Amino acid sequence: MTDLSVEDAAEETTEETEARELSIVSETTAAPRPFSLSMSVASTPEPTSSAVVKGRIKVADEVVEKVAALATLEVAGVADLGEDPAEAIGALRERTGARRGPQGVSAHVQDRTVAVDVTIVAEYGHAVMDVANEVKTNVARTVSRMLGMRVVEVNVTVDDVRLPGETRQEGPAGTEEGALPE
């Protein structure tokens, strides 16, 4: 920096003053930093990708059955899940204490693929084939999305038709099927 006399200082314009102050500021900011900006203070190890971690994931058939049952009941025109054709096997499972999925749905999981059988009760007034096709589509989409499995088939059996508002299947004379008349 140069020394300025009083006369020179008076003649100095505002622009020259700002330029001189700017050069002083730039000289002080150019000082070396105690650390490099590209260097991190503490390095943390990268998280291991899930594709690298070893191990197996097994999804029980009952989990697939429950997801499929909920997906089935979401479809308009499905009054309820129907009677499972393999009800005798289900009763045996119940007696032996084995877990059991929802009635009217069975699933078979092999590796990362699944086959699902669904039995439904359609609601009267809806086109049965349209309802069954929508059940197939919704079950396949939901099981695939929620469980990450490839659905190879969804078989839909329409077991019965129910009037809207009817809660349970009724037998003759308005009694529930299997119940003794009073």
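Is V63 buried, partly exposed or exposed? Select V63 and look: with a relative accessible area of 38%, V63 is partly exposed (buried means under 20%, exposed over 50%, partly exposed in between, with a 1.4 Å probe and protein chains only). You'll find V63 in helix α3. Now add L147 to the selection: the two C-alpha atoms are separated by 9.0 Å, although the residues sit 84 apart along the chain.

Before going further, some ground rules. This is a predicted model, in which local features need pLDDT of at least 70 and side-chain atom pairs count only at pLDDT 80 or more, while totals for chains, interfaces and linings use all residues. Residues are numbered from 1 along each chain as its sequence is written, and side-chain values use heavy atoms, with hydrogens and water left out.

**Colour by confidence**

Colour the chain by pLDDT, the predictor's confidence in each residue from 0 to 100. The chain mean is 75, and 54% of the residues reach 70 or more. Among the elements, helix α1 (residues 6–11) has the lowest mean, 51, and α5 has the highest, 97. Then jump to residues 178–182, where pLDDT stays under 50. For that stretch the model has one contact beyond four places in sequence (contact means heavy atoms within 4.5 Å).

**Switch to cartoon**

Count along the ribbon and you get five helices and four strands. These are DSSP runs numbered from the N terminus: helices are H or I with at least four residues, strands are E with at least two. From the N terminus on, the order is α-α-α-β-α-β-β-α-β. Of the contacts with a separation of 6 or more, 67% are between residues 24 or more positions apart.

**Into the core**

Next, select V64, V114, V116, V118, V135 and V139. They have the most contacts inside the largest nonpolar core, a set of 22 residues. (Such a core is made of buried Ala, Val, Leu, Ile, Met, Phe, Trp, Tyr and Cys residues joined through side-chain atoms within 4.5 Å.) Two or more residues come from each of α3 (61–73), β1 (78–81), β2 (105–110), β3 and α5. Helix α3 gives the most, with five residues. In soluble globular proteins, nonpolar side chains tend to be buried together. Over the whole chain of 182 residues, 22% count as buried.

Stay on V135 and show what surrounds it. Leaving aside neighbours within four places in sequence, V135 is in contact with T72, V75, V78, V118, I120 and V156.

**Two salt bridges**

The structure holds two salt bridges, each a side-chain nitrogen of Lys or Arg within 4 Å of a carboxyl oxygen of Asp or Glu. Select R162 and D80 to see one of them, with N to O at 3.7 Å. R162 lies in strand β4 (residues 150–162) and D80 in strand β1, so the pair ties together parts that are 82 residues apart in sequence. R162 counts as buried because its relative accessibility is 8%, while D80 counts as partly exposed at 31%.

Now go to R141 and E134, which also form a salt bridge, the closest N and O atoms being 4.0 Å apart. Here R141 is partly exposed at 45% relative accessibility, and E134 is partly exposed at 37%.

**Out to the surface**

Turn on the surface. The chain exposes about 13,800 Å², and carbon and sulfur atoms supply 53% of it. (Areas come from the Shrake-Rupley method with a 1.4 Å probe; for residues, only the protein chains shown count as cover.)

Highlight Y124, V128, V158, V161 and L163: together they make a nonpolar patch of about 440 Å². Patches use residues with over 30% relative accessible area and no salt bridge, joining like charges within 9 Å and nonpolar side chains (Val, Leu, Ile, Met, Phe, Trp, Tyr) within 5 Å. Y124 lies in the loop between β3 (113–123) and α5 (128–147), and at 55% relative accessibility Y124 counts as exposed.

**Last stop: D111**

Finally, centre on D111, in the loop between β2 and β3. Which sign does its phi have? D111 has a positive phi of about 55° although it is not a glycine. Most residues other than glycine have a negative phi. D111 is exposed, with a relative accessible area of 72%.
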